[in-house]
Amino acid sequence: MKTYTLKPQDIERRWWLVDATGQPLGRLASRIAQILRGKHKPTFTPHLNGGDFVIVINAEKVKITGNRKHEQRTYGRYSYYPGGYKEETLGSLMQRYPDRVVEM
């Protein structure tokens, strides 16, 4: 019996449409990461990018579990200028850009 190794010319990519309505954020993110990496396929090879493409709809309706997580969880960015570090809470980021919460 020989070990099968995926070759770059044998990679087949599919598009996945994921509805985020009512799904917990962490579980949704881990499932999307598996699809992007290609771990759901029987031909998974760690050194090749054999993953699929994902489109997420209804990102503003994702479920955030836990008490006060909207105020406690922060997302930061840095502009590479002195004093350029900005932090934003999950609640304010969900109001402005709900797709970035799923992305991050």
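User: In this structure, which residue forms a salt bridge with R96, and how far apart are the closest N and O atoms?

Analyst: The model is predicted. R96 pairs with a carboxylate partner in a salt bridge. That partner is E88, with the closest N and O atoms 3.0 Å apart.

User: What other side chain meets E88 in a salt bridge?

Analyst: The N to O distance in this pair is 3.7 Å. A salt bridge needs the nitrogen within 4 Å of the carboxyl oxygen, so the pair counts. The partner of E88 is R77.

User: Where do E88 and R77 lie, and how many residues apart are they?

Analyst: E88 and R77 link distant parts of the chain. E88 sits in strand 4, residues 85-89. R77 sits in strand 3, residues 74-78. Their separation is eleven residues.

User: Is E88 buried or exposed?

Analyst: The cut-off for buried is under 20% relative accessible area. E88 has 11% relative accessibility, so E88 counts as buried.

User: What class do R77 and R96 fall into?

Analyst: R77 has 47% relative accessibility. R96 has a relative accessible area of 47%. Partly exposed covers the range between under 20% and over 50%. Hence R77 is partly exposed, and R96 is partly exposed.

User: Which residues are linked in a network of salt bridges?

Analyst: E88 bridges to R77. E88 also bridges to R96. The linked residues are R77, E88 and R96.

User: How many salt bridges does the structure hold?

Analyst: Two involve E88: one with R77 and one with R96. Another joins K41 and D52, with the closest N and O atoms 2.8 Å apart. The total is three.

User: Where in the chain do K41 and D52 lie?

Analyst: K41 and D52 are eleven residues apart. Helix 1 spans 25-37 and strand 2 spans 53-57. Both K41 and D52 are in the loop between helix 1 and strand 2.

User: Are K41 and D52 buried or exposed?

Analyst: K41 has 18% relative accessibility, so K41 counts as buried. D52 has 3% relative accessibility. Under the 20% cut-off, D52 also counts as buried.

User: Which side chains does D52 join through polar contacts of 2.9 Å and 3.0 Å?

Analyst: D52 lies in the loop between helix 1 and strand 2. Leaving aside neighbours within four places in sequence, D52 is in contact with residues including E12, R13, I35 and L36. The polar contact of 2.9 Å is with W16. The one of 3.0 Å is with H40.

Methods. Residues are numbered from 1 along each chain as its sequence is written. This is a predicted model: local features need pLDDT of at least 70, side-chain atom pairs count only at pLDDT 80 or more; totals for chains, interfaces and linings use all residues. Side-chain values use heavy atoms; hydrogens and water are left out. A salt bridge is a side-chain nitrogen of Lys or Arg within 4 Å of a carboxyl oxygen of Asp or Glu. Helices (H or I, at least four residues) and strands (E, at least two) are DSSP runs, numbered from the N terminus. Buried means under 20% relative accessible area, exposed over 50%, partly exposed in between (1.4 Å probe, protein chains only). A polar contact is a pair of N or O atoms within 3.5 Å; within protein, one must be able to donate a hydrogen and the other to accept it, and residues adjacent in sequence count only if both atoms are side-chain atoms. Contact means heavy atoms within 4.5 Å.
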